[in-house]
Amino acid sequence: MSGYSCATPPRNIKVCMRNAPIAKAGLRELYTDREFVPRAFTDRADHAFISIHLIERSVALLAAQLTGELLDVGCGQQPYATYFGHSSKHMACDYDAARGNVDFSCPADAIPLPDESVDSVLCTEVLEHVPDPMAVWNEFHRILRPGGRVLLTTPQYWPPHELPYDFYRYPEHGLRRLASESGFALLALIPRGGPIAFWGQVTLHVWQPLFRFAWTRILWNRLILALDRFSNTPRMTVGWTVLAEKERS
């Protein structure tokens, strides 16, 4: 893998991005909090629980890095709002106001806010649904103040969903390019699970008849997440969580 630089996210967790293999460090750090209890998605029998649990873990891990005035983009019901009670102001938007409790509706690449008007952007599982992801990153750069940060999650694997608005899946270096070319410095790039989590989630999708009963899905999800703690590589991961900072001029 290419070289990486190091940054220090919350709780003194070091996530390396040059000169060390970030992916291994990030994957291990994802499971550091063994007492973690999800607040947003608690149904352990959900067919998607492996993926959504790892998304929530990654958001919780990096939430303290978003401060000041925060905009939650494409948030729907704002499932992660409780992780950002420390922000001085919390705003929310979605392309369809009927999808949740939002302050205004807009596409992610045309946010009706002035230039450099917010300190932080949260954007979870939205980027795969926009036709021009670079335009979205550029819009985040426009509305963020210098030094402002983006916390973004997106899948590397997931079946088609929210059709016809399902356009992309993102590997590591695609996300690196989007961030760097829109004027952001990466602070963290965390894989959401290793090959065991990937295989476990795919199995639930492909062999659904084997998991007809809720108790079978609960046991399966628990087993897969327990085993995935020992993963060493993210080359086959369910998705990625990005923390990026707008470069100061």
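**Exercise 1.** In what order do the seven strands of the open sheet lie, and which kind of pairing joins them?

*Solution.* The model is a predicted one. Reading across the open sheet, the strands follow the order S5-S4-S3-S6-S7-S9-S8, with mixed pairing. The next step is to look at the edges, where S5 (104-105) and S8 (184-191) each pair on one side only. Within the sheet, S7 (residues 144-155) and S9 (residues 239-246) run antiparallel and are joined by seven bridges, and Thr153 stands opposite Thr241 in S9.

**Exercise 2.** Determine how H2 and H5 are oriented to each other, and name the residues through which they meet.

*Solution.* Begin with the geometry: helix H2 (residues 49-62) and helix H5 (residues 195-206) pack at an angle of about 140°, their axes being 9 Å apart. Angles over 145 degrees count as roughly antiparallel, and H2 and H5 are therefore oblique to each other. Turning to the side of H2, the residues Phe49, Ile50, Ser51 and Leu54 meet Ala197, Gly200, Gln201 and Leu204 of H5. Sorted by class, this contact of H2 with H5 has five nonpolar, three polar and no charged residues.

**Exercise 3.** Describe the lining of the largest pocket, including the part supplied by H2.

*Solution.* The largest pocket has a volume of about 900 Å³, and of the 37 residues that line it, the closest to its centre are Arg99, Thr124, Glu125, His129 and Glu162. Divided by class, the lining has 22 nonpolar, seven polar and eight charged residues. Its largest share, three residues, comes from H2.

Methods. Residues numbered from 1 in each chain as written. Predicted model: local features only at pLDDT ≥ 70, side-chain atom pairs only at ≥ 80, totals over all residues. Heavy atoms only, no water. Axes fitted to C-alpha atoms, helices over the stretch in contact; angles between N-to-C directions. Helix = DSSP H or I, 4+ residues; strand = E, 2+ residues; numbered from the N terminus. Parallel < 35°, antiparallel > 145°, perpendicular 65-115°, else oblique. Contact = heavy atoms within 4.5 Å. Nonpolar A, V, L, I, M, F, W, Y, C, P; charged D, E, K, R; others polar. 1 Å grid on protein atoms, 1.4 Å probe; cavity = no way out; pocket = protein on both sides within 12 Å on 5 of 7 lines; lining within 4 Å. Points joined across faces, edges and corners; volume = space filled by probe spheres on them. Pairing = 2+ DSSP bridges.
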